Structure formats: C-alpha cells, structure tokens
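This note is written for a colleague who is beginning to read protein structures. Please keep the sequence and the model in view while going through the points.

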Protein chains: 2
Amino acid sequence: MGTPGAGCCPGRMQSSRSRPCSCPSLKLREVASMYFTLVAAFLVILVVALQGSVPRQSDFPYKVPLDPQGLLELSWNVSYPEQAVNFQLLIKELHFGLLFGMSDRGEFENADLAVLWSDGHNSYFGDAWSDAKGQLHMDSQQDYQLLGARRAPEGLYLLFRRAFSTCDPKDYLIEDGTVHLIYGILEKPVHSLQAINVSALHGGLQRVQLLKPNISIPQLPRDMQTMEITAPDVVIPSQETTYWCYMAELPEGFPKHHIIMYEPVVTAGNEALVHHMEVFQCAADFDSFPHYNGPCDSKMKPERLNYCRHVLAAWAMGAQAFYYPEEAGLAFGGPGSSRYLRLEIHYHNPLVFKGRRDSSGIRLYYTATLRPYDAGIMELGLVYTPVMAIPPGEDSFILTGYCTDKCTQLALPSAGIRIFASQLHTHLAGRKVVTVLARHGRERQVVNADSHYSPHFQEIRMLKEVVAVFPGDELITTCTYNTEDRSRATVGGFGILEEMCVNYVHYYPQTQLELCKSAVDPGYLHRYFNLVNRFNDEEVCMCPQVSVPQQFYSIPWNTFNRDVLRSLYGFAPISVHCNKSSAVRFPGQWEKQPLPSITERLQEPSPRCPPSPGAQPAAPVPLHLGRLRRD
Amino acid sequence: MGTPGAGCCPGRMQSSRSRPCSCPSLKLREVASMYFTLVAAFLVILVVALQGSVPRQSDFPYKVPLDPQGLLELSWNVSYPEQAVNFQLLIKELHFGLLFGMSDRGEFENADLAVLWSDGHNSYFGDAWSDAKGQLHMDSQQDYQLLGARRAPEGLYLLFRRAFSTCDPKDYLIEDGTVHLIYGILEKPVHSLQAINVSALHGGLQRVQLLKPNISIPQLPRDMQTMEITAPDVVIPSQETTYWCYMAELPEGFPKHHIIMYEPVVTAGNEALVHHMEVFQCAADFDSFPHYNGPCDSKMKPERLNYCRHVLAAWAMGAQAFYYPEEAGLAFGGPGSSRYLRLEIHYHNPLVFKGRRDSSGIRLYYTATLRPYDAGIMELGLVYTPVMAIPPGEDSFILTGYCTDKCTQLALPSAGIRIFASQLHTHLAGRKVVTVLARHGRERQVVNADSHYSPHFQEIRMLKEVVAVFPGDELITTCTYNTEDRSRATVGGFGILEEMCVNYVHYYPQTQLELCKSAVDPGYLHRYFNLVNRFNDEEVCMCPQVSVPQQFYSIPWNTFNRDVLRSLYGFAPISVHCNKSSAVRFPGQWEKQPLPSITERLQEPSPRCPPSPGAQPAAPVPLHLGRLRRD
C-alpha cells in the first residue's frame, strides 16, 4: 500500500493529462473543518486491499461506457439469489474523485450516489444522496458496499455492490426496465462529502437495463450462418444526434431462413457513440428499393425507405446478443418477403467529434434448418388516433390501450402463444409503459414494465419469464406521459410531438393477429367536447366540422376538464382494432366495445430489505490510493 | 417458579369458574406435533420472572376495560422519547390464553396481535398477525416485547411494550387518534399459534385514543369549586344501546364562572358499561326547561330538550380529566346563559345485564375568579346541506369543507386565536377526519387528524400542540366516507343516514365566529346534474322543482358519474358560511367563492423504525405460568 506523497500537493490524485499543479490554499476554517471531518466523522476505519485477484471479464458480462469519451466504463453482473448488482467501474483518468449513481430519470438532484472523493491527502468511499438542490449528504445507511479497488495500467477499478432494494427511503429502488445511471467528475479536492453540490459538476447520464434477465442460452445449430448488416465505413457526422440509414439487400433467390440470434458489431473506439441500431425489412409490395447511405432525415433520402419498417433486429447500448427461443426463429428470405433491408444507426456524439469513421451494425445468425415455429411480432396498446389525448401541464397522465378477450378469442390458437420479448414504444412525452395480462377480469402477470421508460432508449428486451397468452385473455397496455413543458394538448398520432403507446411483443407461433389495440369511442369523445363547452360557459366552437386535434387544442384546460377527460377514458366504450394487418380487421363487431372490467389487480411486490448486516454504519470508508498517482 | 402440575390436566391454566376437567385426548399425530412445536420451533428460551416489583398505578395512568364484563383490563402509558407504548393487561380469568392487538377498524382479520397461548403444558407469548381469512401467523419480526408477567390475587398481569412504528409491513402503525383494540379468548389448549383462527374466537373490540397527549397539568386556583352532574341512581336498561337523558339546573342567580377542568364520575362496577357522557347547556331563548330523566329517544322526552346542544363537557371511555389552558375557561352561568343543563349518557350493554343501577356523570371544576379569556367553540367543515353527497358503493369517498382566508381575515383578532382541543364529528359513514391549517396556500400544520375515526367514539381531544390561527389563515377539513353497504347516494344533512363533516374546535379568546364552513355552489351542482343527464342518455328528470336529494337518488351511478362528481367538488366554487351564529353571517360576499388553492402539501411523516435490537427473532417466548393455577 502506498504512503501519501510529500510533493506540492501531497497525496493528490493526478489526472494523466498534464494540468498545472494548483495548491488549494487552506484557511483556518477549512483546516478546522478537515480536522473535524477526519477525527470526528470517520469512526470506522476500514482499509481496502488494493491488491487481490483480478476479476475476469466473464465475472461482469454487461458493459457500457458512461461518458461520451469512454473514460468511465461500467461492467456489472446481477445476482438474483442475493438480489444484488455487482458493479465494476473502470476509471481511466482519476482526478479528485467520482460520483456514480442512479436517479429517477437521470437528474442529479434527488439522486442515490456512490462517491469516491479525495481531500488531496486521503481518499474515501461512501454512500450518499443528493437533495432537491443537488447538495450531497452522507446516507445514514451505507448500501453501496465497497468490495475492492485495484490499480491497473488502464486505470483504477472500483468494485462495489448494491442490493436491488435497501428499504432506505433515500435510496433508489433498482427495478426491471430502464435505469438512469449518472456520473460526475470531481476535478478539485473536496474536504467533505457535504461540500459537494452535484448540480455544479461535470457529469452526465447513461441509460441501461441493469437487471438483465437470467436466461439460459439456447443450443445453436451446426449449420448456423452469419450475415453482417453494417455501415460501409461511414464518417460519423459532427453533430450531437444522427440517425444514419443504410440499405442492404439479401442475395437474389435467398430462401426462407430463421434468424435465431443476433448481436451488435461495434467499431472499436466508437463504443460510446453508437447509441442504438435496428435492422428493418422492407415491404414486399415493392420489387426494389433504392440504395441509400446517409442520414435518415436527409432531403435526399428516397421516400420509399419509409416502407422499410418491419423490425428484424434491434440493439441498444448495454444490450447483449439476442437469442430466439429454441422452438422458434424469425423468418426472413423466401417468396413473399422483401430482399431489402434497412440498417438504422443512432449516433450520439455530444462532444461533436469530427471525422470518426464507423462500420458498426448487426450480425445476424441464421439457419436454413427451420425451427418448429415462426416467431411473430404483435402490436399492443393504443391506435394512432387523435381521440386519445393528453392535457398540457400534466406530470403523469395515463392512457390505456386494450387488447380485448373478444379479439384474442377469435385470433389466437387454442394452445395459445408465448411472448418471449417486448419492445416498448412512445414518443417524447412517454415516462412509463407497462403491459399486464388479465384473465377472467383478474390481472395475472406483468408482460413487460418500465417505470423509468425513456423514449431515447427503446430496446427489444428478452422477458425474464415467457408469458403464455390464451384465447380470451386480455392484454392491457398503460402509458404514463409528462406534458409539463407543453402548452397545448398532445394528441395521439405519428408525429414526434404527437404520442403513441405501443408494446411490440415478440412471440410464437406466429398468428394472423398483427395488431390488437384500442381507442376511445369517437361518439363519447364528442359528448365530452359538448360537456366541456356547456360546463365552462365557453363559446369554443365544438362544431363537427372541426378536427379532433383542433377541438382538443381549443379546450380551456383546468382541473375539471382534465379530470373529466381522465374519467371519460376510464369509462367510455372503446373501438377495438383486432387486425390481420394494419388495414385488415378480423370479421366482427369492434365498435363501442365495453372496457374490460378488472376486478383484481396485481399487488405491488413489497420490497425485500437486505438483512441488517448488509447495511453499514454511516461513515465513509477511507481508501489507500497512494499507488494510484502516476507522478 | 412453579413446576408443572401432575394432575388430570397437567399444567393446565384453569379458569376460576368451575368447569368439568376435560383432558384433551392426545393422538399420536398431536403428540408428534407438540413435540415438534416444543423442540424445533422454540429456539430461544427466555424465562420471564413472575415475581418482581409491582408496577404502581401511576406507572400506567390510562385505563380501559376491554370486554363488557370487565374481565380484561388494559392500562398503558406512552413514552414519546422512546416512541413506544407500555401496556399492562390484567387478565382476571385466564383460560388457555388470550389475543390482544390492533387493526384498522377493529376487525379480526388483517390484525396485528400479541398472543399468549398454552398447549395445556406450557405457555408462550409471541407477536403474530392474522391474514385476510383470520388465520394466525407468527410474525417474522417480534415487536410486541414481553416485559414481564405477574400473578396477583385479582388475576394475571402481563406487561409488554410496542413501538409506535415497527417498519414491519405486517404490523399496525400506532398513530394519533382512535386505535381499534381487539381481544380474543382462547378457551381450549392450542398446540401452536398457527392452529388459531381468530374469526372463530370469542372476542371483541374497544376503541381508545392510545397516544394521549403529553400535556402538563395547569395550576388550579385555590377557590376552585366542584359540581357533579350525575344520573340519579338510574336503572340501566337491559338493551345493548341506551342514550340516557337527565336534566339538571344551576342554582338561581348563579353568576358567570369559568369551568377550568372536568372529569368523569363512573359508578364502581359500571366501568365497562358507561361508554360516553356529555353535558350540554340549553339555549338561553327559553326561560325554563322541563325536568326529564329517561331515554333520549323516548316518546315521552319533551321536545324542548333538543334545544340543549351547547357542549359544556364531553367524556368517552379511556379519556381522563380535561383541563382548560391556564389563560382560559369555559364560561357558564351569569346573565344571557341558560341555567338548564342536559346530561347525556351512552350505556353500552351488549351482554344485556339487568337491574344495574348507575349514578355516573361528570364533575365540573369551576372558579369565580375568571381567567383572562373565555374559551369558545367553533364549527369547521361542511355545511349541513344535501349538495354535498357521497355516491353509493364507495370504499373511501372524500369531501372537504373550507374555512377560507377571507372569513378568518374578517372574523379573527389580529393576535389570532389558539386552538387547544378538538372534537371530530360525522355520522355513520365517516371513516377518517382531518383538519389542516394552511397559510398563503401552503399547508402548515395538522390541527387534528384521525385516520381510524369512528362515529361511535367522538371524544373531545386535547391537542398535542396548541395551534395558533391568524387572520388570513385557512382551515381545511377533509372527511373520508365508506358507503359500500348503501345502494343510493348519501347526502349531507342532520339525519343519521345523512352525513356531516365537522370539527368542533375549542379555542380562546372567544370570538364572534361560531361557524366557518362551506359547501359546493348549487349552480355548479345543477350543471353537474345536467351533464350527467346528457352524457348518460338518461331520461331522468333533473327538473328544477325536484329536490337535490331526489336528483342525487335518481343518478345512475357508474364510475364516470362518480368521478365527475369528485372532479366537481375539487373544482367548483363554494358557498362559504362565515357566521356569528348558525343563522347570522358576517357581512360580505360569500357565494361563488374560489376554492382555496393549495400549492404545498404537508409531507406524510416517514415512520421512524426502532433500532435493530428492538426487533426480536421470530420465536415465541415460553412463559412459566405454573403458579397461576388456582387448584
């Protein structure tokens, strides 16, 4: 273990960049404060071994860069038996410490943080939280457990552990779905944790699915082949956000195959820039599609590319390979399917690097030996229609779309279908999405839920548990929206400022049912407009010739009109879209259908608290990081 | 310490009544089960001393009989520094054990229980909970801490302790206001706690204010006199419920005095029958009132007694003496006040005892040396009007009454008033009542709250903290109702099946403001009736000549009509009653007033969990009660 240095800035952790050595001038008050900090506050002295065994790569199978430069690299694993996440954070350039943590939507205020800090002499590790003003506080219960710290040529490895649920109200509850990770860099020595205000720090956020499902990898066939759909050495535009479109095509006469797995191919060095990638198959209605290689929003992009929307594969940062279940594969190739594929890559380049070249994409693993079942994709949630709207100024307004018992009765095979993966989708106001399976009016199972959903992080997620859906079951998809920054109503639709509430579920065996969604009955919405008009003494024109969005835009929003709209959506009959394709309905009466009535809700699971030894006393852990210095 | 007996039923706890000695015939399976119970389950052996110091009466200042025979007597004290209640339970006749605990509204299911049980040989004590079916389970965290057990001539004393909040989700949270205590008698040996189903037991409930405020008793003057207003040796009717009315009168020419304290006078032996008592002063408008001594609901009761409604004193079971603050007293006597008093006693006689005689009542302590301030009583909440209604079938519908800033601005002195006591009042559907003080749109302080309110337990409660109310403050009273057992709407009004939402606050110095309440604007309610009519395609007559209750009764209740009524009450302007007496308003415009807008709510206090040593492992505590046997 190293001894503190004795130079100009003793014990200071230095960055590998050359920086002027500025000594903090210590006033009496500061010295007193440091003394107090050192003597009074740190009751428990725990020295962490800097040596020790090097964790293997396979110990932390999931990896994501935290910052756009990739100077902070997080790897982790999940222990479901222990209900805990083990983190390994690689800090390539350590200054005076680092904050790492989680918050509801990536904000630095009201966050739950693990903090490594140095006062210039000594380094400490502790569990902290930030208040609504960004001020840090030591947590009364220490739930980020430091497991070790290790110096390596590439930087400092910090190993720590956190239970999913700590039962400390100041702590973040780690749940399924998106977790907003945040990081902050301490660029000056800090004399105590309380001296840190996170709002003023250099830092950022990274979204990941922390609780990856614990799925056993299916056996792969011997005749498996691979195909890479990758960008052709593209120059990443020097702008923050680019959606890049590249058209690829299958060989002529390519017969039907099953995609059984796919994985990302990310150009080395671009790990922090490639945010997400999708491969779409084009519509079979067109014989050919133009070749194109350029930004998706370019004026030069041929319009026909909009007909390439059938998802074959999707990957987002932090995701691993995607495996189809052993009994099923995603059909591609063969007659009746297009040879044309569209690769879309979202480059996230906030530091506006110039001239970076990239050949990232997706590697498909496929087989000619077809598996027993074709996999299918079904769309659940709300129809894209303006009748479903969100008032402005709402912090959490809820809309619900129903796939009714009548539709599943008609469209599903008696043996049912198995949902194994799901991709949630909303536009910019979406904050939460959940789909629940109900049977005989009783909620049975969550299909997929994301309480920290972000429209900027739409992965296809393998489900922890395959969900069996039988004829007569109901699939209820609920989206929560935030419109606090909007001044007029947000209506449903295709536009980026309109909204959607969709869950694309991946299932097998494939059925004819492509779309099972709903929207409020338009006649009842019309009654609502009438009611609002009369109740509020408004002379707003609610005439029938005015479009639904215009009627919504002209409503004088107040709590009554808002509450009554919410009541309407919770009461009025629905129009059900139980469709073979987006335009062809199953035969039957689908208008003015009753809302499914749910008599029994699923219980919120009560959080399991760690046994008391897990929680450590509220004192920071001093670290001997002397050997870290590179001077 | 006694050794287990060796008679016919070894070690059996016997009741003092003579019962045939029936030996439980032990089958092999039962023996095996007992063996398992004794050997495997009871890991911790803790012997409680049966001797030890006798706690003094003053150690447990609060006392209440639990059962109508008075065989179970609970005394307790409250330690605010330790946030815990210490209980002393006197069991006059112990059979095979006893359950004591708490539940939301006195039900035996989903209850939190301390259990003393005997298998015929040994006795055990443990913390348990009952599930929705009444089945008992040992609690994983033992939070009823046994402090001791002691045999005395009058029975067995059990001493135990319970933190207000245990942070165990299976435990009841002890809060201010009413607590529903429950008890059950084990009349047969039980081999394990799991063998008990509480729904099948002989038992009952008792409501008390467990967390009595910790108020220092004001100095009493030397010239203090007493006056007993007591029933004149009444024969308690042999029926479950009797409200007894007895007229008393002050001496002629009795000058103005201040009541500074009062306390109950309960005839010895009737402690379990006298449920609550109130002394009312009659209206000064009448020169004389008839003498009357009989049931309040008798046809023989003179109608004029209905004009005796001004509360002078109120007591309910478990309450102690009531003290006025040192600066104030309740005026009675003197010109302008009636000489006539009405005593009302609620006898609760579920076992239908016959021929019990009773002379209970209230002892008033008063002084001729008037204190600086007269105390006053002000009525907050909702006006008694049918415009405030509750739909049928609701498990918790909320109505709110407002005392607005405009009214307090006009009616309160600039130095403000001090509220020191409060009596909450609803009719039979009331479940919760709370009054909150708001200033500049921000909630500041809870005046009085009862989350387990029962209309059968309406005490005047001293406040833990005196609440200062200044001109411009708002007092917001919220009542929660349950109408699950009703098939038509419940409207506001005087009838027992109509509802009220009232908080009678006791304060000083007395002002002219007697009543500060509100109700929804009737014009807006009319719009609601119209809206409901149109929206639901109903041909219900909502014509203006139909009364408001009739209009409410004819509404076809569904979630929409219910939700919109709730939205209406949360939005529509109000009619404010800012009155000098029930008929005389302060001058001003009081119709169509805006609802107070609250921008900042009080935070729910997060429960303080006991330090870990408080919680004990999940094993019952064996007790040596051998010496208890009276054979």
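The numbered points below move from the overall make-up of the chain to individual residues.

1. Status and overall make-up. The model is predicted. Chain A contains five helices and 38 strands. Of the 631 residues in chain A, 55% are buried. Its accessible surface amounts to about 27600 Å², and carbon and sulfur atoms account for 52% of that area.

2. Contacts along the chain. When contacts in chain A between residues at least 6 apart in sequence are considered, 77% of them join residues at least 24 apart. The reader may wish to keep this in mind when reaching the salt bridges below.

3. The annotated domain. An unreviewed UniProt entry places the feature "domain: DOMON" at residues 70-186 of chain A. Over residues 70-186, the chain is 56% strand and 0% helix. The C-alpha atoms at the two ends of this stretch are 17 Å apart.

4. A salt bridge between a loop and a strand. Side chains of opposite charge can pair when their charged atoms come close. Over all chains, the structure holds 48 salt bridges. One of them joins A:Lys92 to A:Glu73, with 3.6 Å between the closest N and O atoms. Because A:Lys92 lies in the loop between β3 (84-91) and β4 (97-103) of chain A, and A:Glu73 in strand β2 (residues 72-79), the pair ties together parts that are 19 residues apart in sequence. A:Lys92 has a relative accessible area of 28%, so it counts as partly exposed.

5. A salt bridge between distant parts. How far apart in the chain are A:Lys464 and A:Asp176? These two residues are 288 residues apart, and their pair links distant parts of chain A. Their side chains meet in a salt bridge with an N to O distance of 2.5 Å. A:Lys464 belongs to strand β31 (residues 460-469), whereas A:Asp176 lies in the loop between β9 (155-163) and β10 (178-185). A:Lys464 is partly exposed, at a relative accessible area of 43%, and A:Asp176 is also partly exposed, at 36%.

6. A network of charges. A:Asp563 and A:Arg562 form a salt bridge through their side chains, at 2.7 Å from N to O. Both residues belong to a network of salt bridges that also includes A:Glu394 and A:Arg566. A:Asp563 is buried, since its relative accessible area is 17% and the cut-off for burial is under 20%.

7. A buried acid without a salt bridge. B:Asp358 is located in strand β22 (residues 357-358) of chain B. What is the nearest side chain of opposite charge to B:Asp358? That side chain is B:Arg356, 7.9 Å away, and B:Asp358 is buried yet has no salt bridge. The 7.9 Å separation does not satisfy the salt-bridge limit of within 4 Å. The side chain of B:Asp358 does make a polar contact with that of B:Tyr347, at 2.6 Å. Beyond its neighbours within four places in sequence, B:Asp358 is in contact with several residues, including B:Ala231, B:Pro232, B:Thr267, B:Asn270 and B:Ile345.

8. An enclosed helix. Helix α5 of chain B (residues 559-569) is largely enclosed by the rest of the structure, because nine of its eleven residues are buried. Among them are B:Phe560, B:Asp563, B:Leu565 and B:Tyr569. At the N-terminal end of α5(B), B:Asn558 acts as a cap: one of its side-chain oxygens lies 3.0 Å from the backbone nitrogen of B:Phe560.

9. Cis peptide bonds. In chain A, the peptide bond from A:Tyr508 to A:Pro509 is cis, with omega near -10 degrees. A:Pro509 sits in the loop between β34 (502-508) and β35 (515-520) of chain A. In chain B, a cis peptide bond joins B:Tyr508 and B:Pro509, with omega about -10 degrees.

10. Backbone angles in two loops. A:Asn110 is not a glycine, yet its phi is positive, at about 55 degrees. A:Asn110 is found in the loop between β4 and β5 (112-118) of chain A, and it is exposed, with a relative accessible area of 52%. A:Asp233, likewise not a glycine, has a positive phi of about 50 degrees. Its place is in the loop between β12 (225-230) and β13 (234-235) of chain A, and A:Asp233 is partly exposed at 40% relative accessible area.

Key: Residues are numbered from 1 along each chain as its sequence is written. Chains are lettered from A and ligands numbered from 1 in the order in which they are written. This is a predicted model: local features need pLDDT of at least 70, side-chain atom pairs count only at pLDDT 80 or more; totals for chains, interfaces and linings use all residues. Side-chain values use heavy atoms; hydrogens and water are left out. Helices (H or I, at least four residues) and strands (E, at least two) are DSSP runs, numbered from the N terminus. Buried means under 20% relative accessible area, exposed over 50%, partly exposed in between (1.4 Å probe, protein chains only). Contact means heavy atoms within 4.5 Å. Accessible areas come from the Shrake-Rupley method with a 1.4 Å probe; for residues, only the protein chains shown count as cover. UniProt positions are given in the numbering used here, feature names are shortened, and annotations may be inferred rather than shown by experiment. Lys and Arg count as positive and Asp and Glu as negative; His and the chain ends are not counted. A polar contact is a pair of N or O atoms within 3.5 Å; within protein, one must be able to donate a hydrogen and the other to accept it, and residues adjacent in sequence count only if both atoms are side-chain atoms.
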